[in-house]
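Visitor: Got a minute to go through this one with me? I'd like to start with the rings.

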Amino acid sequence: MSADYFTYIGPFDRDIDALSEKGYVICDGREYTFKKKQKVSIGDKVQFYWAVLRQKTEGGYDNI
């Protein structure tokens, strides 16, 4: 496990799947890219979204 990966859990009404591949999150002045995104549903109703985020490094984003 690396210290620059984080778990994102977001509300049902913020569809992160609709973001482009260049979409990112800013939190506390730091930028994070989505490495994996998924919605969690029960039946046809979205409950929440989760993702794995990677913190941007000083030299840019890793291509992992």
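Guide: What follows covers ring pairs, a charge over a ring and the core, all from a predicted model.

Visitor: How many aromatic pairs are there?

Guide: Two. Take phenylalanine 6 and tyrosine 32. Their ring centres are 5.3 Å apart and the planes sit at 85°, so this pair is edge-to-face.

Visitor: Where in the chain do those two sit?

Guide: Phenylalanine 6 is in strand 1, residues 5-11, and tyrosine 32 is in strand 3, residues 30-42. They are 26 residues apart, so the pair links distant parts of the chain.

Visitor: Is tyrosine 32 buried or exposed?

Guide: Buried, at 9% relative accessibility. Phenylalanine 6 has 33%, so it counts as partly exposed.

Visitor: And what is the geometry of tyrosine 8 with phenylalanine 34?

Guide: Edge-to-face, because the planes are at 80°, with centres 6.1 Å apart. This pair also joins strand 1 to strand 3, 26 residues apart. Both tyrosine 8 and phenylalanine 34 are buried.

Visitor: What lies over the face of phenylalanine 34?

Guide: Lysine 37, at 5.5 Å from the ring centre.

Visitor: Switching topic. Which residues make up the largest nonpolar core?

Guide: Eight: Tyr8, Ile16, Tyr32, Phe34, Val46, Tyr49, Ala51 and Leu53.

Visitor: Which element gives the largest share?

Guide: Strand 4, with four residues. Strand 4 spans 45-55, and strand 3 also gives two or more.

Visitor: What is isoleucine 16 in contact with, leaving aside neighbours within four places?

Guide: Tyr8, Phe34, Lys37, Tyr49, Trp50 and Ala51.

Notes
Residues are numbered from 1 along each chain as its sequence is written. This is a predicted model: local features need pLDDT of at least 70, side-chain atom pairs count only at pLDDT 80 or more; totals for chains, interfaces and linings use all residues. Side-chain values use heavy atoms; hydrogens and water are left out. Rings of Phe, Tyr and Trp (its six-membered ring) pair if their centres lie within 6.5 Å; planes under 30 degrees apart count as stacked, over 60 as edge-to-face and the rest as tilted. Buried means under 20% relative accessible area, exposed over 50%, partly exposed in between (1.4 Å probe, protein chains only). A charge sits over a ring if NZ of Lys or CZ of Arg is within 6 Å of the ring centre and within 35 degrees of the ring normal. A nonpolar core is a set of buried Ala, Val, Leu, Ile, Met, Phe, Trp, Tyr and Cys residues joined through side-chain atoms within 4.5 Å. Contact means heavy atoms within 4.5 Å.
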